[in-house]
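Biologist: I am new to this structure. Please show me how to read its features, one at a time.

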Amino acid sequence: LKSLCAKYGAGYLALPDPGGPFPKAHTSNVAIRRLNGTATHFVQIDADVIAGPGLVDALLHRLAKGPTDMISVYPRRLPKLPKPYTEYTYQELLRHSTRIEPDKHAWGMCLTHSFEAMHQLKGYNEEFVGWGFEDTDYVNRAGRAGFTTGMEDFGPVVLHQWHPTPSRSQYHRNLQISKAGKSNEGEWGAI
């Protein structure tokens, strides 16, 4: 990954293995804090998502229409296929995909944020570990704080790859944290 990032001029940041469930909220905050000041918005895409060729143009067009603090993109779901996804063209993958119907929890996968919102909300709540609810909690807190949020259907620009169901051992714990709706106390996104 490090060499691929270097090839395309992308930043690379490796964090120590925490041992235990993946701390997605914390690692997202660390990366986002590193980007501060380089743009007004940033796009966060989950590792199991394939971004289509029209995604960046669609997001730029949407942001040009007027200010918004958060945009989530309706994704399409890919089934398990007989060959690796890399052996298909994007158009072939689209033919295999189905639309994921929106719901109030479909915020992750591809979320565009404003830096202003991220800083005022103190990022993702770092009490979340493992799978689930850190993105829903973040967007809900943003809405309560008066930031604009919305889900957009840009057509087939985001594909969610099939994978075995991740461990949901932290599901109930994370759900309770989400219901509390609180921000990080003190420093956030620190290494």
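The dialogue below goes from the whole chain to its cores, a helix and a sheet.

Modeller: This is a predicted model, in which local features need pLDDT of at least 70, side-chain atom pairs count only at pLDDT 80 or more, and totals for chains, interfaces and linings use all residues. Residues are numbered from 1 along each chain as its sequence is written, and side-chain values use heavy atoms, with hydrogens and water left out.

Biologist: What is the radius of gyration of the protein chain, and what should it be compared with?

Modeller: The radius is taken over C-alpha atoms, and the globule rule is 2.2 Å times the number of residues to the power 0.38. For 191 residues a compact globule would come near 16 Å; the protein chain has 17 Å, which agrees. Its C-alpha atoms fill a box of roughly 45 × 40 × 35 Å along the principal axes.

Biologist: How much of the protein chain is buried?

Modeller: Buried means under 20% relative accessible area, with a 1.4 Å probe and protein chains only. Buried residues are 40% of the 191.

Biologist: Which residues have the most contacts inside the largest nonpolar core?

Modeller: In soluble globular proteins, nonpolar side chains tend to be buried together. A nonpolar core is a set of buried Ala, Val, Leu, Ile, Met, Phe, Trp, Tyr and Cys residues joined through side-chain atoms within 4.5 Å. Here the largest has 18 residues, and I32, M70, L111, M118, L121, Y124 and Y138 have the most contacts inside it. Helix 2 (24–35), helix 5 (115–120) and helix 6 (134–144) each give two or more residues to this core. A second, separate core of ten residues includes V49, L55, I71 and I100.

Biologist: How does the length of helix 2 compare with what is expected?

Modeller: Helices (H or I, at least four residues) and strands (E, at least two) are DSSP runs, numbered from the N terminus. The expected span is 1.5 Å times one less than the number of residues. The twelve residues of helix 2 should therefore span 16 Å, and its end C-alpha atoms lie 17 Å apart, which agrees. Its buried residues are A25, T27, S28, N29, V30 and I32.

Biologist: In what order do the strands of the open sheet lie?

Modeller: Two strands pair if DSSP finds at least two bridges between them. The four strands of this open sheet have the order 1-6-3-7, with mixed pairing. Strand 1 (41–45) and strand 7 (149–152) are the edge strands, each pairing on one side only. Strand 1 runs antiparallel to strand 6 (residues 110–114), joined by five bridges. The bridge partner of F42 in strand 6 is H113.

Note on methods. Buried means under 20% relative accessible area, exposed over 50%, partly exposed in between (1.4 Å probe, protein chains only).
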